[in-house]
Every structure is written in C-alpha cells, then in structure tokens.
2 protein chains.
Amino acid sequence: MKRIADSTVRRLSLYLRFLEDHEARGHATISSDELARQGGTTSAQVRKDLSFFGSFGKRGLGYSVHELASRLREILGLGRDWKVVVIGAGKIGAALAQYRGFRERGYSIVAVYDNSPDKIGRPWDGLVVRDIAGLERDAARERFDIAVLAVPAEHAQGVVDRVVKAGIRAILNFAPAQLNAPAEVTLRTVNMAMELEGLSFALTNRE
Amino acid sequence: MKRIADSTVRRLSLYLRFLEDHEARGHATISSDELARQGGTTSAQVRKDLSFFGSFGKRGLGYSVHELASRLREILGLGRDWKVVVIGAGKIGAALAQYRGFRERGYSIVAVYDNSPDKIGRPWDGLVVRDIAGLERDAARERFDIAVLAVPAEHAQGVVDRVVKAGIRAILNFAPAQLNAPAEVTLRTVNMAMELEGLSFALTNRE
DNA sequence: TTTAACTTGTGAAGAAATTCACAAGCTCAA
DNA sequence: TTGAGCTTGTGAATTTCTTCACAAGTTAAA
C-alpha cells in the first residue's frame, strides 16, 4: 500500500467522529462538502483522503453515512479489540483509564504496570498493578497490542526498550521525551510542553 | 513576520529540551548535526528552522548552547509567566495540574473552574474550584492568558465560546471534539482517540 | 601563514501535501 | 426520455515543507 500521511489518518478519525454523529441522528447520506465544513477542511481534501482507500461515494448523492463509517472503522483498525497496557500507575495513567472513549472504541486496558513497590499489588481501576519486571513474560502469554507510557521522562527510553523487547509494536508516549524505537514499532508522543509552547509562541509572535 | 509552520515550532521546543540537557552537563557549544541526531531530523532542517528567526551559530564551531537556549526561550515566549486557567475539575484537569513541567516553564495555573455544584468551592491543588459562571468577570480582572479545557466533549464548544468572550486568546483542548474559535484565538486540540486510532491504523495496515 | 577540517546559512532542487477544476455519474422532476 | 442540478474521483497545478549542496566563515595545528 502507498504510504499514507499521518495527517490523512488523523483526518479520517475526525471524519469518523462526524459520521457517527450523523448516524445517530439517522442521516442516510453526507457529502464531502459537509464533512469538510465540520472538519475545517475542504471537500477536495476529504475526497482525496478517502481516495487512498477506494471509492466509497455515489456521484450526485454523496456517501452513505453508515457504509462510510463502517469502512473508516475498518481502515482505522476499529473492527477488533486491542489489548492496551498502561505503564506507570500515577495520575496520568489513572486519568487515561477513566477516559470513556477508550473502551468504547475497542481499546481495552488489560494490565497496568509500575516499578514502585508502593504501587505493585494495589488495586487500580478493576485491575491490580503489576511489577514491570514481569512485562516481557506476561506479554509473551497475553499478546498485548499497545503500550501507553505514563512514566517520568528519565525512565521512558528504558521502558520503550523493554516494551519493544516484549514484542509490542505500538506505543503511545506521554512522557516529555524524544524516544527511539525500531522502524517496525509505531511510536507516537503526546507532549504537553510542546503544545503549551505552541500556544505561547503564538501569543508572543502575533503581528 | 513570515508565517512559521507548526511543525517548525514543535521542533524548536524539542531543540530547547536538548539544549537544556546540554546546558546542565556544561557543554558550551553544539552543532546542528548533534541537535538533529537527538531530534530525529537532519542538520539542514535544524538550520532552516533556526534561520527563520536569525542566525545564531558560528561557522566551524556550531551554536553556543547557552545563547541558543536563551534565544529559543524568547522565541517560544518562555521569557515570562503565563496565567493558565483549567476548566473542568475532573481527573484530567487534576493530572495536568500535577505535571511538573507546567510550572517549571512559566505556566502557572491560577484558577480552576467547573460547573458542578459538587465541585465548586472545593479545594483543588492549592486553589478553590470556581463557578464557571464567573469566568468572564474574573478574566477581565485577572487577565488570564491560556485556558486548558478538560470538559466533556458535549460542553466543549460552549466553553470555548465563553473563553473567547472572556478575552482569552489561547486554548489547549483535551475534549475529543472539533472546536471552532475565531482566527485571533489559537486553539490546539489533543485528542486521545485520534492518537490511538493512528496506532491501530498502523498495526492494521502494515504490509 | 598556510592548510586541513569543521560547520553555518541559504538559494535551489526535490518531495509531499493541498487545492483546483472538470469529466463523468447519479437523481429527480417533468 | 430529457435536462437541470448535484456530487464524486482524480489528474494537474499549486503551495508548503524538506533536503541538497556549496560558498563562506571559523578554528587549530603545523
């Protein structure tokens, strides 16, 4: 498959959100123009994004809301359940765990790890905090799909290395650190500092 | 000033992080190549990013770590304190509040708002949760710079409208919703669902 | 001083992403 | 069946972003 830009994938997520709204309201079809308006983009962009994956619309009519939503779910890998492990049983991990959209979309948090003796063994959102030392062993048996990192920046790279060794191939990192993983592992970082600095940059450099 | 791409600003944040490391280790100079290696980019990219703002290096030698860090802080608006309000006194807001890097970099959380009678008046990280109804009035007096939104998606647009009316011109949104704000307001959204779907997309569409 | 080894800053080239613009297909009403 | 009114899908054009490549400046050693 031709390489798909990250920006395209993000927009597909967005379109899916809108489609689900429309689905809930019982709308049968939607045009690229309507999707574009809601997503803050252009209709050509919407059609181009979709065109990488096939042609889902009907000329003159638009897209079947239900069918397009269904295709996007398939494209985004929402057709199955993903086993997510949270690494770091602190506040950030806890905030993530209570995020509704998580389970709703098929991401099930099946385990939580920490390295602190104070936390290991404690109950945590219906689970018990496990010792990070057992990650590789557990992963071999339980086949985790995605690791969410909510650990301090100074430990993040070490955790990534273990996660990779454990055979997990997708990582969502919340530590404010630049991390390296082999090419076959997908790593995304959400960095608060970067977002805030984007804002203060804009506030400072406004003409 | 020429419009600066978002991607450039994000990289500047990254470079600053590295420079601070090097500063702490007492390194006097650094080359674009070293910065690039750490940031996962190319030296040409580093130099190009910096060139939008001036020329800070010395040929044959590289950049003064201290001077470049200082210039980047200035560019990113880290020379002053920013007054941040958190809207939504739930778990996400709480997780944000305890994030160290926040205060360290000059972002001070000066107020927290909610609309729930259960929460209003309660202590919260050294503050007292305020009634969102008073936002506009408070903002006029206290001159808030940045609003961090940690409210349910269905309320997010309403809150944005109030925040804008209150004269705040930068918003960091954690609600999984596509929001609209006038052009003079900078709005960034961090959307967990989008990040996760980026991962499951990658896992699903790997050839 | 001279030379070798570096490194920056930046136009120009190249690649990637977005937008344009239009042929072609579909629907509906008459 | 015809025609008007929409809307898609997609090459081409355009814009934006990244990489190339090299002149010019700096350092240090001989």
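**The surface near DNA strand D and the two protein chains**

Near DNA strand D, at least two residues of the surface come from each of α2 (32-39), α3 (43-51), β2 (57-58) and β3 (62-64) of chain A, and likewise from each of α1 (6-24) and α3 (43-51) of chain B. The model described here is a predicted one. Among these contributors, α3(A) gives the most, with six residues. The surface near DNA strand D is made up of 14 polar, eight nonpolar and eight charged residues. Of the 30 residues around the strand, the ones that come nearest are Ser55(A), Gly57(A), Gly60(A), Ala5(B) and Gly60(B).

A good place to turn next is the pair of helices at the start of chain B. The axes of α1(B) and α2(B), the latter spanning residues 32-39, come within 10 Å and cross at roughly 105°. Because angles of 65 to 115 degrees count as roughly perpendicular, α1(B) is described as roughly perpendicular to α2(B). On the α1(B) side, the residues that meet the other helix are Arg11(B), Leu14(B), Tyr15(B) and Phe18(B), while α2(B) offers Leu35(B), Gln38(B) and Gly39(B). By class, this contact of α1(B) with α2(B) has four nonpolar residues, two polar ones and one charged.

Chain A also holds an open sheet of seven strands, in the order β6-β7-β5-β4-β8-β9-β10 and with mixed pairing. Its edge strands, β6 (123-124) and β10 (186-189) of chain A, each pair on one side only. Within the sheet, strand β5 (residues 107-114) of chain A runs parallel to strand β7 (residues 127-131) of chain A, and three bridges join them. Tyr113(A) can serve as a landmark here, with Arg130(A) as its bridge partner in β7(A).

The sheet of chain A also meets the other chain. Helix α9 (residues 192-204) of chain B lies across β4 (82-87), β5, β8 (146-149), β9 (170-173) and β10 of chain A, and runs at about 165° to β9(A). Taken as a whole, the contact between the chains takes 48 residues from chain B and 48 residues from chain A. On the side of chain B that touches chain A, two or more residues come from each of α1, α2, α5 (91-97), β9, β10 (186-189) and α9 of chain B. The largest share of that side, 13 residues, belongs to α9(B). Sorted by class, the side of chain B that touches chain A has 25 nonpolar, 13 polar and ten charged residues.

Two single residues offer a closer view. Ala170(B) has its place in strand β9 (residues 170-173) of chain B. This residue counts as buried because 26 C-beta neighbours lie inside 10 Å. Leaving aside neighbours within four places in sequence, Ala170(B) is in contact with Leu199(A), Ala202(A) and Leu203(A) in chain A, and with Asp145(B), Ile146(B) and Thr186(B) in chain B. Thr186(B) lies 16 residues away from Ala170(B) along the chain, with 4.7 Å between the C-alpha atoms of the two.

Glu67(A), for its part, is found in helix α4 (residues 65-75) of chain A. With 15 C-beta neighbours inside 10 Å, Glu67(A) counts as partly exposed. Val9(A) is 58 residues from Glu67(A) along the chain, and their C-alpha atoms are separated by 18 Å.

Technical notes
Residues numbered from 1 in each chain as written. Chains lettered and ligands numbered in written order. Predicted model: local features only at pLDDT ≥ 70, side-chain atom pairs only at ≥ 80, totals over all residues. Near = placed C-beta within 6 Å. Helix = DSSP H or I, 4+ residues; strand = E, 2+ residues; numbered from the N terminus. Nonpolar A, V, L, I, M, F, W, Y, C, P; charged D, E, K, R; others polar. Buried ≥ 20, exposed ≤ 12 C-beta atoms within 10 Å, placed from the backbone. Contact = placed C-beta atoms within 7 Å. Axes fitted to C-alpha atoms, helices over the stretch in contact; angles between N-to-C directions. Parallel < 35°, antiparallel > 145°, perpendicular 65-115°, else oblique. Pairing = 2+ DSSP bridges.
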